[in-house]
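Let's take a walk through this model together, with the strands as our guide and a few cavities and loops along the way. Have the viewer open and follow at your own pace.

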Amino acid sequence: MNWKTYYETHLTTAEEAVTHIKSGDRVVVAHACGEPSYLLDAMVANASAYRDVELVHMVAMGKGDYCKPEYAENFRHNAIFVGGSSREAVADGRADFTPSFFFEVPRLFSTTMPVDVALVMVTPPDENGMCSLGVSVDYTQEAVKQAKLVIAQINPQMPWTGPNSLVSVKDLDVIVEHDAPLIELKPGKIGEIEKAIGEHCASLVPDGATLQLGIGAIPDAVLLFLKDKKDLGIHSEMFSDGVVELAEAGVITNAKKSLNPGKFVVAFLMGTKRLYDFVNHNPDVDMRPVDYVNHPFVVAQNDNLISINSCVQVDLMGQVASETVGSKQISGVGGQVDFVRGASAAKGGVSIIAMPSTVKGKISKIVPLLDEGAAVTTSRNDVDYIVTEYGVAHLKGETLRQRARNLIAIAHPDFRDELKAEFEKRFHCAF
Ligand code: COA
């Protein structure tokens, strides 16, 4: 059967499509802004037909209605990253959390976590019957490969993001057409603290560096201070609108990349329509699965890789908690450790964990001990640089005593005395 006939014979409505999901199925949902919200809405509307449908999702950017208490018998969310819509459900025990490095998520689908159904959103097919997974290639492409059943929303507003982002129409078992804007993430608010952090991080970025940027206001602030740099490149699990500005200004050229020169290499995108328009059919944008982009061995092939991520707490040994506040799971490891380790092995590589020194001026994020129950995300053996608005602390290769000194020097001044007292007690010497 040619692909056009296949397409027409597999086309249906969202209401009919979700009836193919069965009680007890494991459903993997496309990631972040690639979420097919139209299909999820239809599935939730059909909730009474299901019991114990497991919904596996990483950064859930949509409404997350399936996490609501009234659907506790119908759906159980299994989060690989906890976000706004799932934090309470995980904390209340109505949803699960599965720890996993991001680069290993695709492999889970062929090992521990077999996929019954993949719910995805793709572009309309090209003349060869190929569709792009657009803003979410990451684990979504592997979910399509592994799933017993693929239900796809065809959305003309999904950008086309390169030859490694494709799936065939014949990989899609149930097809629903629906034209709708993608979920957007507005740029974070950049205040004086974020600007100071941005400036310190930028001081560690040489011309020709390749960047990995995490999510939020801090990476956006870093980009503000990179306007005078030359020939920067991008190899990052994600990027947002800030990168578009630097690309259009000619600062990001990808020309000096040692791996995939000329290309923005990325696994998923979160931003506004401006970003989605920039990447659409852009021959320089090469979206790829996360088991390539985030694999530490691949990251390590990028000379001068500078990785910038954020965290919740750092203790005086340099242990970094990025995903829990005490024992409460508020996010996940994402790609933090993939890039910390990749950067560490890259020629000229540097990893930076950047954070405000306090939570709203009240709680120091540099602490003698991590809060009880906190998970260590980046270990003291992996950590390299910590940055706050008060400066840069280099930890890799430093003694525990020197690490503590370097960290206290960038703590908020209101908390330095108590940290120094802790230092003197622990190391039996004057600060
Ligand atoms: N003590 C108590 N509460 C704390 C805290 C601390 N030390 N640090 C943060 N919090 C609270 C904040 O007050 C906030 O609470 P609220 O939502 O009720 O206001 C919440 O935790 C989130 O913190 P915030 O600083 O607003 O988060 P952020 O959007 O800047 O993200 C991380 C910071 C660490 C959560 C985020 O960078 C992350 O998830 N990192 C790990 C994954 C990663 O690095 N991936 C790679 C790139 S995608």
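**Strands, spaces and single residues**

Q313 stands opposite A321 in strand 17. Strands here are DSSP runs of E with at least two residues, helices are runs of H or I with at least four residues, and both are numbered from the N terminus. This is a predicted model, in which local features need pLDDT of at least 70 and side-chain atom pairs count only at pLDDT 80 or more, while totals for chains, interfaces and linings use all residues. Residues are numbered from 1 along each chain as its sequence is written, and side-chain values use heavy atoms, with hydrogens and water left out.

Let's stay with that opening pair. Strand 16 (residues 313-315) and strand 17 are antiparallel and share 2 bridges; two strands pair if DSSP finds at least two bridges between them. Together with strand 23 they make an open sheet of 3 strands in the order 17-16-23, with mixed pairing. Its edge strands, each pairing on one side only, are strand 17 (320-321) and strand 23 (366-367). As a reminder, strands of a sheet pair through backbone hydrogen bonds, either parallel or antiparallel.

Now turn to another open sheet, this one of 8 strands, which reads 14-13-12-11-15-20-24-25 and also has mixed pairing. Strand 14 (285-287) and strand 25 (391-394) are its edges, and each pairs on one side only. On average, neighbouring strands of this sheet are turned by 25° against each other, direction ignored. That angle comes from axes that are lines fitted to C-alpha atoms (for helices over the stretch in contact), with angles running from 0 to 180 degrees between N-to-C directions.

Within this sheet, strand 12 (residues 233-239) and strand 13 (residues 264-269) run parallel and are joined by 4 bridges. One contact to look up is M238, whose bridge partner in strand 13 is F268.

Further along the order, strand 20 (residues 350-354) pairs with strand 24 in the parallel sense over 3 bridges, and A354 stands opposite V387 of strand 24. Which way do the side chains of strand 24 point? Y385 and V387 point one way, I386 and T388 point the other way, and all are buried. Buried means under 20% relative accessible area, exposed means over 50%, and partly exposed is in between (1.4 Å probe, protein chains only).

Strand 24 also meets strand 25, this time antiparallel, through 4 bridges. The two form a hairpin with 2 residues between them, and T388 stands opposite G391 in strand 25. Y390 sits in the loop between strand 24 (385-388) and strand 25, and counts as partly exposed because its relative accessibility is 34%. From Y390 to V137 the C-alpha distance is 37 Å, with their positions 253 residues apart in sequence.

At the other edge of the sheet, R288 belongs to the loop between strand 14 and helix 11 (290-293). R288 counts as buried because its relative accessible area is 18%.

Next come the spaces. On a 1 Å grid over the protein atoms alone, a cavity is a set of points where a 1.4 Å probe fits but cannot get out, and a pocket is an open set with protein on both sides within 12 Å along at least five of seven lines; lining residues have an atom within 4 Å of a point. The structure holds 1 cavity of 30 Å³ or more. The largest cavity has about 40 Å³ of space, and its lining is Y66, C67, K68, P69, A72, F75, H77 and R94.

One lining residue deserves a second look: C67 is buried, at 8% relative accessible area. The structure holds 0 disulfides (pairs of cysteine sulfur atoms within 2.5 Å). C67 is in no disulfide, and the nearest cysteine sulfur, that of C33, is 17 Å away.

The last stop is the second largest pocket, lined by residues including P187, D220, K227, E245 and R274. Helix 8 (217-224) and helix 9 (241-248) are the elements that give two or more residues to its lining, and helix 9 gives the most, with 4 residues.

How values were computed
Grid points are joined across faces, edges and corners, and a volume is the space filled by probe spheres set on the points.
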